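Got your viewer open and a selection box ready? Here is a walk through the model, one stop at a time.

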Amino acid sequence: MIVIMQPGTPRENINTVVQRVEELGLSAHLIDGEERTIVGIVGLPLPPTLDEMFEVFPGVERVVRITKKFKLAGWDFHPQKTVFDVRGVTIGGEDVVVIAGPCSVESEEQTVATAKAVKAAGATLLRGGAYKPRTSPYEFRGLGERGLEILATAREKTGLGIITEVMTPSDVELVGTYTDIFQIGARNCQNYLLLEEVGKAGKPVMLKRGLSMLIEEWLLAAEYVMAQGESRVILCERGIRTFETMTRNTLDVSAVPVVQSQSHLPVFVDPSHAAGKRAFVGALALAGIAAGADGLIMEVHPNPDTALSDGAQSLTFDEFRALTPRIAAVAQAVGRGLPVPAAMPEPVGATA
Ligand code: PEP
Ligand code: MN
């Protein structure tokens, strides 16, 4: 339910509504728009007479019941697109954002070299996994805290903000001391206790769509995070499981406009995990931006053939550098921008 206040309502009248909501054991989320404030009410059970109760409060213009299952993530609660800043990078704004880096943090040398190369080519945030969810328990599962330290070093050396995955509620505090954005992986997108924990940690959260998740379920996962107070959530389409085997997953391009029709949250595309093969990553990246995505997250490695995870889908530095101007061109064609560095540096060697 939302309580729409009249334009220019004094703060004390808004506070009275909030106080009453809390007395009822429900939670209130304030949405301060340019013109008016909306008080979103969530919690169970919502008393059937709640509408009439709030309609008579001073400053209240009208009360609307929201019938959609997801509320905080939907347009009714938040009629403006969500835009936020991560270390000087605007997420959800006019420019699209390219996040790039290795699948796994393997060493300081590998991570710093990749950070420098992707930055020079136009990426503005660095990705890298320190805790890796691997299908087999015998595969490389990440460097753990050492990986987080390396990411912090790469940030120090390049100024790029970082995003890294957290897999379990007990690691949220530690990962949160390093990362700028929490990544929730596809396999954990319906781990509700983890979603609640990151929702309390005070940092933005990227939610990778689960392998077989409906869009509504994905938005409800965002709702779990947002209900804990974190409104800076990015939804990332990374391919879903279908009958097709020539790609690792099937990029659901339609998810981009569909989510945008339902939610104010920024939507990113991960062409790497969708394609599974380097040769297809560029086309899917361009398709994501053409469909209206707010950004991309992509895997890049100094020497993909030796990568400890996801080498087959990781771009080389040269491939990534060749792709970003094409992403910028598509972004421009759909009315967005991608500030690719004007003076393109000399090619960065594969082992630089
Ligand atoms: C990753 O980003 O390396 C990753 C494991 O992604 P996903 O959770 O989408 O499979
Ligand atoms: Mn990966």
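Start with helix α8, residues 255-262, which lies across β12 (233-237) and β13 and runs at about 170° to β13. Keep in mind throughout that this is a predicted model.

**Stop 1: the barrel**

From β13, step to its partner. Strand β13 covers residues 267-269, and two bridges join it to β14 in parallel. To see the register, pick F268, which stands opposite G295 in β14. On the sheet you can also pick helix α4 (residues 145-158), which touches β8 and β9 (161-165) and whose direction makes about 160° with that of β9.

Now show the strands together. Eight of them close into a barrel, with parallel pairing, in the order β7-β8-β9-β10-β11-β12-β13-β14. From one strand to the next, the twist averages 25°.

**Stop 2: strand β7**

Select residues 97-101. How many residues of strand β7 are buried? Five of the five, so the strand is largely enclosed by the rest of the structure. In a regular strand, side chains alternate between the two faces of the sheet. Colour the two sides of β7 separately: V97, I99 and G101 are on one, V98 and A100 are on the other, and all are buried.

Next, look at the neighbours of β7. With β14 (residues 295-299), β7 pairs in the parallel sense over five bridges, and I99 has I297 as its bridge partner there. With β8 (residues 125-127), the pairing is also parallel, over two bridges. On that side, I99 stands opposite L125. Trace the chain from β7 through helix α3 (residues 108-121) to β8, and you follow a right-handed β-α-β crossover.

**Stop 3: the manganese ion**

Select ligand 2, the manganese ion, and show its protein donors: C103 (SG), H273 (NE2), E299 (OE) and D310 (OD), which lie 2.0 to 2.4 Å from the ion. If you like patterns, the donor residues are spaced C-x169-H-x25-E-x10-D in sequence. C103 lies in the loop between β7 and α3, while H273 is in helix α9 (residues 271-275), so the pair ties together parts that are 170 residues apart in sequence. Both C103 and H273 are buried.

Stay with D310 for a moment. You will find D310 in the loop between β14 and α11 (317-333). Is D310 buried or exposed? The relative accessibility of D310 is 18%, so this residue counts as buried, the cut-off being under 20%. Check the backbone too: D310 has a positive phi of about 55° although it is not a glycine.

Another positive phi is worth a click. R87, also not a glycine, has a phi near 45°. Look for R87 in the loop between β5 (84-86) and β6 (89-91).

**Stop 4: the open sheet**

Which strands form the open sheet, and in what order? There are four, in the order β2-β3-β1-β4, with antiparallel pairing. β2 (27-32) and β4 (60-64) stand at the edges with a single partner strand each, so one side of each has no neighbour in the sheet. Ignoring direction, neighbouring strands here are turned by 20° against each other on average.

Zoom in on β1 (residues 2-5) and β3 (residues 37-42), which run antiparallel and are joined by three bridges. Pick I4 to find its bridge partner in β3, I38. Then add helix α1 (residues 11-23): this helix packs on the sheet, touching β1, β2, β3 and β4, and its direction makes about 155° with that of β2.

**Stop 5: aromatic pairs**

A search of the whole structure finds two aromatic pairs. Select F54 and F57 to begin: the ring centres are 5.1 Å apart and the planes are at 45°, so the pair is tilted. Both F54 and F57 are buried.

Then go to Y192 and Y224. Their ring centres are 4.3 Å apart and their planes are at 25°, so this pair is stacked. The pair links distant parts of the chain, with Y192 in helix α6 (residues 192-199) and Y224 in helix α7 (residues 215-227), 32 residues apart. Turn on the surface to finish: Y192 is partly exposed, with a relative accessible area of 31%, and Y224 also counts as partly exposed, at 32% relative accessibility.

Methods
Residues are numbered from 1 along each chain as its sequence is written. Chains are lettered from A and ligands numbered from 1 in the order in which they are written. This is a predicted model: local features need pLDDT of at least 70, side-chain atom pairs count only at pLDDT 80 or more; totals for chains, interfaces and linings use all residues. Side-chain values use heavy atoms; hydrogens and water are left out. Buried means under 20% relative accessible area, exposed over 50%, partly exposed in between (1.4 Å probe, protein chains only). Two strands pair if DSSP finds at least two bridges between them. A crossover is right-handed if, with the strands pointing away from the viewer, the path from the first strand over the helix to the second runs clockwise. Axes are lines fitted to C-alpha atoms, for helices over the stretch in contact, and angles run from 0 to 180 degrees between N-to-C directions. Contact means heavy atoms within 4.5 Å. Donors are N, O and S atoms within 2.8 Å of the metal (3.2 Å for Na, K and Ca); water is not among the atoms, so sites may look incomplete. Rings of Phe, Tyr and Trp (its six-membered ring) pair if their centres lie within 6.5 Å; planes under 30 degrees apart count as stacked, over 60 as edge-to-face and the rest as tilted.
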